[in-house]
Amino acid sequence: MTPEQIVLVQDSFRKILPISGTAADLFYDHLFEIAPEVRSLFPDDLVTQKKKFIVMLATAVNNLDQIGKIIPAVEELGKRHASYGVVDKYYEPMGAALIWTLEQSLGTEFTPEVKSAWTETYLVLAGAMRVAAATAPA
Ligand code: HEM
């Protein structure tokens, strides 16, 4: 990612934070709409999950300029996901739901440049998770 893309992601995430509760609601609702098969992997009550997801995303976004520092934690996250029953193909709808939520929440501020910077961010995180999950001992 370029330094400009990192700034675009960090600035736009700062705008989402005050409405992160609503954004998380939108995100999971949309995810379960486009990939209903993943609903049963999650607990019925999503309150804690929503908070954990936002905190993890915030940590990643804040550290994009020193990504090497958080990659080990992201890899561990990927390995845990395999144990939750998350398979490779679920990463695609997850990414689509994230981009859709950002678009809904940021409106016209979600420019093509912001969109591609976020797409890149998700690919970096999901990529590290998927590789770690694939190489984790069974
Ligand atoms: C960049 C991508 C993702 C991030 C940052 C992320 C983040 C998290 C975090 C922080 C947790 C809390 C538990 C833990 O730390 O181990 C979690 C749990 C979970 N995630 Fe993800 N996740 C991602 C992708 C996915 C995908 C693609 C799926 C597939 C549907 C998924 C499904 C789940 C499930 C089922 C749980 C466990 C819920 C529970 O049993 O409490 N995640 N995720």
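This report looks at the largest pocket of a predicted model and at the ligand inside that pocket.

## The pocket

Let's start with the space itself. Rolling a probe the size of a water molecule over the atoms shows where empty space is left. In this model, the largest pocket has a volume of about 710 Å³. Its lining is made up of 25 residues, and Q49, F53, L77, H81 and M94 are the ones nearest the centre.

Which elements give two or more residues to this lining? They are α2 (20-34), α3 (47-62), α4 (71-83), α5 (91-106) and α6 (112-135). The most comes from α3, which gives six residues. If you sort the lining residues by character, you find 21 nonpolar, two polar and two charged.

## The ligand and its shell

Now for the guest: the ligand takes up the space of the largest pocket. Around the ligand are 19 residues, with F42, Q49, R80, H81 and Y84 the closest. At least two residues of this shell come from each of α3, α4, α5 and α6. Here α3 has the largest share, with four residues. The shell divides into 15 nonpolar, two polar and two charged residues.

## Polar contacts

Try finding R80, H81 and Y84, which are among the residues closest to the ligand. In the side chain of R80, an N or O atom is 2.6 Å from an oxygen atom of the ligand. Y84 has a polar side-chain atom 2.4 Å from an oxygen atom of the ligand.

What kind of ligand atom is 2.8 Å from an N or O atom in the side chain of H81? It is a nitrogen atom. H81 also appears among the lining residues nearest the pocket's centre.

Definitions and conventions: Residues are numbered from 1 along each chain as its sequence is written. This is a predicted model: local features need pLDDT of at least 70, side-chain atom pairs count only at pLDDT 80 or more; totals for chains, interfaces and linings use all residues. Side-chain values use heavy atoms; hydrogens and water are left out. On a 1 Å grid over the protein atoms alone, a cavity is a set of points where a 1.4 Å probe fits but cannot get out, and a pocket is an open set with protein on both sides within 12 Å along at least five of seven lines; lining residues have an atom within 4 Å of a point. Grid points are joined across faces, edges and corners, and a volume is the space filled by probe spheres set on the points. Ala, Val, Leu, Ile, Met, Phe, Trp, Tyr, Cys and Pro count as nonpolar, Asp, Glu, Lys and Arg as charged, and the others, Gly among them, as polar. A residue is near a molecule or strand if one of its heavy atoms lies within 4 Å of it. A polar contact is a pair of N or O atoms within 3.5 Å; within protein, one must be able to donate a hydrogen and the other to accept it, and residues adjacent in sequence count only if both atoms are side-chain atoms. A molecule sits in a cavity or pocket if more than half of its atoms lie within 2 Å of its grid points.
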